[in-house]
Amino acid sequence: LVIALDVSNSMLAQDIRPDRLTRAKQAISRLIDRLQGDRIGIVIFAGKAYSQLPITSDYGAAKMFLNTISTEIVPVQGTAIADAISLATESFKDEDHGKAIIVITDGENHEGDAVEAAQEAAEAGINVYTIGMGLPEGAPIPVFNSRNQLTGYKKDKQGNAIISRLNETMLQQIAAAGNGKFVLASNRSGGLEQILEEISKLEKAEFETKMFSDYE
């Protein structure tokens, strides 16, 4: 299971409380608590995609890496969903079974052909699921100072507050192309619970791990 998490500034919008990114991280943390023997990896993306956590069964490490994720972690703004899906696809080994990618994003201002990337993942035997973070009516994007105090909201050239709205149609198209499912997050649910039920139906394969202590 590879989770591709959007860390663009629009994920700071507070239509989902306390904000889209924090709610997504809380949902991922709860997902990690529920995993039993499944391996998990994390890809983060804004204008570019980066591997945050290689696929592992070390859930303690997964939580530690999850806690470090913020919008400052990626230098280029944007929403490169296609890059994130491609990078997540490359993270799997060919012999892996029951492979799934979960894209968590508001889907706004996306670059590249994410639908095509999802189709390529599906052809490689990987199901692509999408979770829409944000409400259809949208919300302004907050701006914080160095002390993490709210100083206002992002504005366009005319001085009007920019409203970040969920691109639901595009996320539905990505999930359809990737033989997956689209789920809309809300203030009651982060959406991961429904997708985990779908993923649990996928074919599983056994693998072996070894634990060892290393002393100096």
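**Asp-19 and helix H4 in a predicted model**

The backbone nitrogen of Leu-21 sits 3.1 Å from a polar atom in the side chain of Asp-19, which makes this a polar contact (a pair of N or O atoms within 3.5 Å; within protein, one must be able to donate a hydrogen and the other to accept it, and residues adjacent in sequence count only if both atoms are side-chain atoms). The Asp-19 side chain also reaches the backbone nitrogen of Thr-22, at 2.7 Å. The model is predicted, so to speak of local features takes pLDDT of at least 70 and side-chain atom pairs count only at pLDDT 80 or more, while totals for chains, interfaces and linings use all residues. Residues are numbered from 1 along each chain as its sequence is written, and side-chain values use heavy atoms, with hydrogens and water left out.

Asp-19 itself is found in the loop between strand E1 (2–6) and helix H1 (20–34); helices (H or I, at least four residues) and strands (E, at least two) are DSSP runs, numbered from the N terminus. With a relative accessible area of 12%, Asp-19 is buried (under 20%, against over 50% for exposed and in between for partly exposed; 1.4 Å probe, protein chains only).

Now for helix H4 (residues 114–123), whose buried residues are Ala-114, Ala-117, Ala-118, Ala-121 and Ala-122. Looking down the H4 axis, these fall within an arc of 140 degrees, so they line one face of the helix; the arc is that of the directions from the helix axis to the C-beta atoms. At the N-terminal end, Asp-113 caps H4, with a side-chain oxygen 3.3 Å from the backbone nitrogen of Val-115.
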